[in-house]
Amino acid sequence: MPHFPVNHPARPLYRVLSGLIGVYILVFGVWGVAETIGNPLFDRSSTWALGLRTNLAFSLASVVFGVVLIIGASRRSNLGHYMNLTAGVVFLVTSILMMSVLQTGANFLNFSMSTVVVSMLFGLILLGTGLYDKVGPPEHAQAELEHRKHPVADVHRR
């Protein structure tokens, strides 16, 4: 079973980071929808919003993802933990897939290399925030602290 720290002290910072990414994605999506509102859904024109190339489909998906990330960052439960882990993986996989079809007709989200790089960065940051924002009862956090303070581990720290 993977090890996720419970009640990490920097958890509020990680929630703010994921919330800021969600706000950027939401603003990008709304701006992109405003720029591409009359175009076909999967148009391959040169439409840019906030420094990233987009089309109507990618802009609409960004609005949805931005709202989901903001909701996850605003909750004090493990919902944000799971949302950030999932969104991080989705962003990383999407960026790799879209990079592989960048110069082909299969680039249906109209990605550019800058969009790939930003998507990878967001995916890595969201994955990192998802790893450290797990919430649990104080007993779980105390048990984890005692596990880290095990005598065998103390011998190796000297």
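Guide: Axes here are lines fitted to C-alpha atoms, for helices over the stretch in contact, and angles run from 0 to 180 degrees between N-to-C directions. The model is predicted: local features need pLDDT of at least 70, side-chain atom pairs count only at pLDDT 80 or more, and totals for chains, interfaces and linings use all residues. Residues are numbered from 1 along each chain as its sequence is written, and side-chain values use heavy atoms, with hydrogens and water left out.

Visitor: Why is helix 3 called roughly antiparallel to helix 4?

Guide: Helices are DSSP runs (H or I, at least four residues; strands are E, at least two), numbered from the N terminus. The axes of helix 3 (residues 79-100) and helix 4 (residues 113-132) cross at roughly 155 degrees and come within 7 Å. Helix 3 is therefore roughly antiparallel to helix 4, since angles over 145 degrees get that name (under 35 is roughly parallel, 65 to 115 roughly perpendicular, the rest oblique).

Visitor: What makes up the contact of helix 3 with helix 4, by class?

Guide: It has 15 nonpolar, eight polar and no charged residues. Ala, Val, Leu, Ile, Met, Phe, Trp, Tyr, Cys and Pro count as nonpolar, Asp, Glu, Lys and Arg as charged, and the others, Gly among them, as polar. Contact means heavy atoms within 4.5 Å; among the residues that meet are Phe91 and Leu92 in helix 3 and Phe122 and Leu126 in helix 4.

Visitor: What makes helix 1 and helix 2 roughly antiparallel?

Guide: Helix 1 and helix 2 (residues 56-74) pack at about 155 degrees, with their axes 7 Å apart. They are therefore roughly antiparallel to each other. Their contact divides into 16 nonpolar, 10 polar and one charged residue.

Visitor: Which residues make the contact of helix 2 with helix 3?

Guide: Helix 2 and helix 3 pack at about 150 degrees, their axes 8 Å apart. Phe65, Val68, Leu69 and Gly72 of helix 2 touch Gly80, Met83, Asn84, Ala87, Val90 and Phe91 of helix 3. By class, that gives seven nonpolar, three polar and no charged residues.

Visitor: Why is the aromatic pair of Tyr14 and Tyr132 called tilted?

Guide: The structure holds six aromatic pairs. In that of Tyr14 and Tyr132, the centres are 5.7 Å apart and the planes 35 degrees apart. Rings of Phe, Tyr and Trp (its six-membered ring) pair if their centres lie within 6.5 Å; planes under 30 degrees apart count as stacked, over 60 as edge-to-face and the rest as tilted, so this pair is tilted. Tyr14 lies in helix 1 (residues 11-36) and Tyr132 in helix 4, so the pair ties together parts 118 residues apart in sequence.
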